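Here is a chain to look over at the bench. Please keep the sequence and the model open while reading.

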Amino acid sequence: MPVYLPALAWRTWSTTSRPSLACYRKKTRCTTNSRKYVSLVFFGASSSPLGALPNDRTRIRLLKLLPGEGDDPIKCMLTEVELDDDRPYEAISYVWGDSADRNLVRINNATFLITTNLHLALLRLRDSTRSRTLWVDAVCINQADLVEKQHQIAIMRDIFKKASSVIMWLGEPRQVNPNLDPQVQAIRSRPDLAIFLPLALRQVFERYLEPSQFERLKAHLCGTRQPLPNGFEGFPNYPVLPIEEQIVMETGELALKYMYPWIQGRRAQHLAGPRTENCDWSSVETISGVFSSSHAPDSWPLLGAFSLIFCFTQTETHFNKLPFFDLFDDPTYHISPIWQQSVRTLMDILNSAYWNRAWIIQEVVLAKDPVLYYGQHILPFKNLLRAQEVFHRHYHICCDKWGTSARQRVFTWWSTIHSGFAKFEYLANLRKRHATVQWNGKSHNPRSLFSLLRISQGTRQATDPRDLVYGILGLADDQASLEIDYSLSIAEVFTRAALDIILKEKNLSLLLYNGLGRNEQFQLPSWVPDWSEGGMDLPELCEYRLYAASSSRRFYTESRNGSCLKLRTVQVDRVIETSCIRTLSWVHPRKLVTDLQDWRIFAGLPREISAQQAFSGNEGRFWRTLFADVMIIHKDSQAWPETTRRMRAADLHKIREWWEWLQTEAEVTKFPEWILLRDGHPFEHMTRGFWTSTEMKKLMRTASGRLGLGPSEFGAERKYSNVEPGDEIHVAFGCNMPIILRPVGSREGYPAYEFVGTCYLQGVMDGEAVADEGLEGEHILLI
């Protein structure tokens with residue numbers, strides 16, 4: 001049994017030289033004055049001092065964080081309460097961090113080890129005068145009690161839903177060295193010198209400054225004829241701006257370069273760590289105080305990052321109107337150090353490991369009032385979502401000359417910010433709490449288990465892959481038949497989820513996601529998607545729905561032995577030959593032209609196309625196969641998102657023009673320009689349609705002479721589906737696309753197959769193979 005350190009031992013430990021934590025973990029004799037054998041344990045690795053919680057899922061533990069200051073040890077009280085008591089508490093959503101990196105806290109007069117990231121969060125959240133009631137999974141759930149853990153996780157939906165607020169702890173900001181200006185070194189050598197923010201940052205919040213303060217600043221910029229002093233304290237050789245230039249200079253650049261202090265007599269305030277007072281970005285008073293106070297240059301990028309978020313929440317703030325830029329600056333290529341460092345710090349926030357957590361969807365979507373904490377900075381999550389929405393609109397529409405259009409020429413800071421914001425769109429959609437939303441023109445339930453797994457695919461990570469399923473069950477409307485059970489293996493959890501989805505969706509669209517890549521250690525059945533892998537490119541259900549390979553044949557499936565899937569299918573063909581793979585999208589157009597010419601030869605067509613060649617017959621079938629008979633379109637230049645439809649005869653003429661353009665590009669285009677082909681180019685949508693349909697694919701020829709596109713393996717880190725000669729092509733009842741199967745003998749008296757993947761096969765995509773009403777098909781097993 002673990003021995004909790006008594007109060008006397010705690011006082012001894014806290015007032016003597018503290019040994020390394022390894023001493024405690026190994027239960028070796030501590031080389032300190034206490035000279036005691038002790039076992040300091042992380043709460044999740046021991047039994048609770050309060051006893052086990054009942055299994056009726058009605059009670060939880062709450063952690064009362066007691067007041068403290070500075071380096072005072074963290075002290076807490078843990079109590080049991082009824083979940084329905086409506087007792088106010090805040091739930092902490094955070095990354096556990098390295099389990100080997102721990103710190104000591106005191107809970108109910110016992111000593112525990114918690115991860116450093118949680119320890120930092122408690123230091124930030126602790127108040128000096130009042131206690132704070134929290135729910136923290138690592139402490140409030142006994143992680144070593146599997147039964148309790150399962151019951152508590154099952155009610156986490158209600159725990160986060162009932163919390164008065166959810167604290168989204170991103171951690172402490174990393175230390176940065178902005179090197180904004182050569183004079184920064186001189187500033188650092190004078191810690192007693194008053195240091196004030198560049199006007200570029202303060203200007204964001206001029207609306208919150210008192211009019212007299214702002215007028216005084218403006219007078220210094222352009223309204224007086226009083227010369228600036230010959231330098232100022234600490235910088236005797238700093239240049240003096242001529243009076244004439246003072247009069248005409250009306251931008252913040254003057255203050256940034258020549259006028260650091262504008263409120264005299266203030267001293268630098270840079271208090272790192274838990275002692276720093278919080279900066280609440282939802283409080284006008286706090287914002288005004290921050291931007292009229294002094295800060296060390298090291299803190300400017302972080303303030304700049306939150307200033308950007310604030311600006312992006314303002315609909316009227318166009319990119320070129322941000323306070324980082326002057327009238328004649330080009331926002332596309334701006335090289336101001338304060339601007340670049342602010343963007344880098346913003347990306348630290350947007351790319352934090354926190355956003356990849358498996359549980360973030362449930363915790364944030366269900367929260368009444370989620371609030372983001374990043375070190376001392378506090379920001380309502382709704383403000384971040386608002387910033388993402390407004391930025392997206394500016395980037396693609398009114399400010400596209402610096403956004404989407406600029407990305408055709410060069411990778412810009414704007415495209416960096418755009419990629420960082422992209423992950424928040426699905427969280428914003430889920431928080432709208434609508435019963436249905438539009439998904440590329442199709443209505444669906446965004447809270448089904450299948451929808452939640454799809455839209456979060458590749459964005460979430462988990463130490464335990466089972467949490468990729470368990471972490472969203474509380475949000476799914478259709479999760480009643482699945483129970484959280486950590487005694488099941490990863491393969492069992494993924495298989496049960498896959499079968500549950502198939503039965504509830506009443507179709508086999510789940511099979512489309514089997515090409516995401518697979519971790520062979522999990523030993524999943526061949527038909528079960530590996531939700532721990534992101535794959536090279538996620539499939540789109542909108543395209544799957546354009547096909548009707550099984551026509552109106554009634555969906556049929558049955559689970560056998562918990563891991564086999566029984567289907568009714570019709571074999572329509574057999575693969576006899578495959579081409580080489582068409583690799584990544586960003587290869588040079590010359591390589592694409594060469595690949596397409598090789599594919600033409602593979603399909604029995606001449607390498608070159610004559611000017612008189614009509615895109616019909618075999619020629620037309622070849623190009624329809626390459627595009628999977630689908631076109632990406634926009635109804636107008638500002639339509640978003642894009643839509644897809646099946647090909648029409650007139651589209652073959654457009655494809656011919658695209659092919660002629662592609663051959664020209666192969667001769668004149670430089671590699672970087674081709675990489676950055678984006679919205680606005682006449683052939684952008686067609687090029688992307690070709691990339692989507694053929695990337696990581698092979699051409700395949702069948703025994704009946706059909707041409708098709710099948711999956712191809714790529715790389716060695718993951719196992720990908722790979723069509724091979726001898727594979728069979730079937731139409732499964734209830735599946736819109738043909739499926740490729742690999743015979744492996746028989747099981748339980750049925751033909752057995754490994755599932756390879758879905759495919760495009762000309763002549764069978766619209767139900768032609770099952771047109772005979774008397775065709776019953778045969779039962780097979782997928783293993």
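Some questions and answers on cysteines, burial and one helix follow.

This is a predicted model, in which local features need pLDDT of at least 70, side-chain atom pairs count only at pLDDT 80 or more, and totals for chains, interfaces and linings use all residues. Residues are numbered from 1 along each chain as its sequence is written, and side-chain values use heavy atoms, with hydrogens and water left out.

Reader: How many disulfides does a search of the whole structure find?
Author: A disulfide is a covalent bond between the sulfur atoms of two cysteines. Here the term is applied to a pair of cysteine sulfur atoms within 2.5 Å. The search of the whole structure gives a count of 0.

Reader: Which cysteine sulfur is closest to that of Cys140, and why is there no bond?
Author: Cys140 has 0% relative accessibility, so it is buried (under 20% relative accessible area, with exposed over 50% and partly exposed in between; 1.4 Å probe, protein chains only). Its sulfur is too far for a bond, at 9.4 Å from the closest cysteine sulfur, which belongs to Cys76.

Reader: Is Cys735 buried or exposed?
Author: The sulfur of Cys735 lies 9.3 Å from the closest cysteine sulfur, in Cys759, too far for a bond. The relative accessibility of Cys735 is 0%, so Cys735 is buried.

Reader: What share of the 783 residues in the chain is buried?
Author: In helix H23, the buried residues include Leu592, Trp599 and Phe602. For the chain of 783 residues, the buried share is 53%.

Conventions. Helix = DSSP H or I, 4+ residues; strand = E, 2+ residues; numbered from the N terminus.
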